[in-house]
Structures are given as structure tokens and as C-alpha cells.
Amino acid sequence: MRLGPKPAVLGLQILCASAAGAGDAEELHYAQGEHRTDYDREALLGGQEEVDEYVKLTPEEQHKRLKSIIKKIDLDSDGFLTESELSSWIQMSFKHYAMQEAKQQFVEYDKNSDGSVSWDEYNIQMYDRVIDFDENTALDDAEEESFRQLHLKDKKRFEKANQYLDPGLNLEEFIAFEHPEEVDYMTEFVIQEALEEHDKNGDGFVSLEEFLGDYRRDPTANEDPEWILVEKDRFLNDYDKDADGRLDPQELLSWVVPNNQGIAQEEALHLIDEMDLNSDRKLSEAEILENQDLFLTSEATDYGRQLHDEYFYHDEL
């Protein structure tokens, strides 16, 4: 299945991550349409070493840590986990691990260990050399020109993240560079970069045609392909909130930055559908413990990883 239009506002890192085998991963994750929890555990615990560490926990220790996590998800302490509580917890988990990953990357990128990451250090970590393109000179080769454009966008984002105009980014600024969607002072930059990318007529909005990019219907086809129909539906029903046929800057933001809320809500509903034994649309501790394996292979526990992270199972969160 062909993927629909994907905004390029976050530059080369997202391009590299999303382009590398996304279709293959989807097929492995949902082999023959069935959800494979063993794939979840292997892929999202981080590898065989982490899987082995998970297995090392005794059933008693798994049980103890899981009960502690359940207690923390239950924000109103009424003994039940609602869709809202599960969704909030999963979103918090997403953000926590994104920040942890950025902190680990910061150490790797900071080659001279001076507490900041320079643009040269970023290039060396990413490409093993310092790359410097002329902003005003396009390249003849289409592929090289595409790379130049993405590299220049990364450089602009790097400069925008640098609040204090120091030679490099401190940890807070590096997180803003890696995850601009999580930092308020980067919001306007993200919107403007998206408009530069997609607003072809310069009116400050993104129309459906601009949203779909370079797509043109095959003149011999009777109807649009399925992926176009899906993307049109997303434009009309998910993003264009005021139904005026175009995306304003705030509507555009909901498209161009990762939206973990929908993923978290979907997972919360899935867990309730599968584990709610008495059909009250919420989960008791007993219901979760009855289906412990399912809960531990879900995003609610980051596929079991939270049982190894004191941030989640320790008494004080």
C-alpha cells in the first residue's frame, strides 16, 4: 500500500527513520492481518538483550511492579483504569522515552564533551564529516539537490533551537532541535517551515491540492487510488476543523507534528475491548492481572519496558 503525503518539516532524521523499511515492518507487525505481540516485545524492548532482561524478572517481581504501575495510571484512585487514564499514561510514556533518547543522543553528538553540540559535531555524528552547502546554489543532480534542501532545513531548525546564540546547543536546546513539537518556542518555526514546503500559492493556507502534493489522477483511471481517498478523508475529517477547504496554521500544525494522542487513544480502547470482562468500559486491577501478558505486550507498559524503569514502577513517580 502506498503511503499518503507526509510532511517533511522535521528534516533528515524523520526521512531516514520512516523510509527504512516501513512497509516491511508493518507486514511483520501485522502478519496476515493478525497483531503479533511477540513482534511488539522484540522490536520495542530494544533487542534480544532487553528481552532477556525482561524474562529474568521473577513472576513475583513482575506482579509487584505491574501493580505499582496500575496504581499510578489510576489518577483518581478509584480502583479502575478508564480510557482517559490509560491514554494519558501512554502519552506520558511516549514523551518520557523520547526525552530519554534525546539525552542519550546528546552525549553521543557532543564529541568534545563540553556540554554542547555544535553544528559541526552534529554533521560528524550524522555523516562522518562536516557538510556545508551554499544556500543560494542549486545542484544539478535531483537527488543531491533534494538532500541539500533537507540539510539546509535541518540547519535552520538547529539555528532556531539555539536560543542563546552560543556556538552549540545545550541539552534543552538539543531536545528542542530533535523534538520541536514538544517545545513551545519552536511552534512558529514548525508552522512556517510547513507553509514554505506546502503552501505553493503563498496565501498562508494549505489547500487539498497542496496537501496531496504532486499527485495527478491517471487520465485513464475511473477513480482515485485508495491511498488518495484515505488522504482526502483525513484532510476533510481530521485536519480541516472549520470545513473551509483549507488548513490554517493551527490546523496545519495538527498534521505536520507527530500526534501521539490518537495512537494512545486507539491503544487504550483496544486494551479495554480485550480485557474488560464485565463490560463496564474500564479495567480493574483484577482484570489486568487476569490478562497480564496482554497488558505487558501493549503500549500501556511500553511493551514491558516500564517494568525495568524505576521512573514508572517506583513508589514515587
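This briefing walks through the annotated domains, the nonpolar cores and some salt bridges of the structure above. Keep in mind that it's a predicted model. The quick version: UniProt marks four stretches as EF-hand, the largest nonpolar core has 21 residues, and there are eleven salt bridges to look at.

**EF-hand stretches**

- The "domain: EF-hand" label comes from an unreviewed UniProt entry, and it covers residues 61–96, 97–132, 186–221 and 233–262.
- Take 61–96: the chain there is 75% helix with 6% strand, and its end C-alpha atoms sit 23 Å apart.
- Over 97–132, helix makes up 61% and strand 6%, with 32 Å between the end C-alpha atoms.

**Nonpolar cores**

- The largest core counts 21 residues, and the ones with the most contacts inside it are I73, L81, L86, M275, L283, I288 and F295.
- Four helices give two or more residues each to this core: α5 (59–73), α6 (83–109), α14 (260–275) and α16 (292–296).
- F295 is a handy residue to click on if you want to see who meets whom. Skipping its neighbours within four places in sequence, F295 is in contact with L66, I73, L81, L86, L271, M275, I288, A300 and T301.
- Apart from that core lies another one, with 18 residues, including I191, A194, L195 and V257.

**Salt bridges**

- As a reminder, side chains of opposite charge can pair when their charged atoms come close.
- Of the eleven salt bridges in the structure, one joins E182 to K95, with 3.7 Å between the closest N and O atoms.
- That pair ties together distant parts of the chain, 87 residues apart: E182 is in the loop between α9 (171–178) and α10 (187–198), while K95 belongs to helix α6.
- How exposed are the two partners? E182 has a relative accessible area of 30%, so it counts as partly exposed, and K95 is partly exposed too, at 41%.
- R246 pairs with D244, their closest N and O atoms being 3.5 Å apart.
- Both ends of that bridge are partly exposed, with relative accessibility of 33% for R246 and 37% for D244.
- R281 and D273 also meet through their side chains, at 3.0 Å from N to O.
- On the R281 side, the relative accessible area is 43%, so this residue is again partly exposed.

Conventions. Residues numbered from 1 in each chain as written. Predicted model: local features only at pLDDT ≥ 70, side-chain atom pairs only at ≥ 80, totals over all residues. Heavy atoms only, no water. UniProt positions renumbered as here; feature names shortened; annotations may be inferred. Core = buried A, V, L, I, M, F, W, Y, C linked by side-chain atoms within 4.5 Å. Buried < 20%, exposed > 50% of the residue type's maximum accessible area, 1.4 Å probe, protein only. Contact = heavy atoms within 4.5 Å. Salt bridge = Lys/Arg side-chain N within 4 Å of Asp/Glu carboxyl O.
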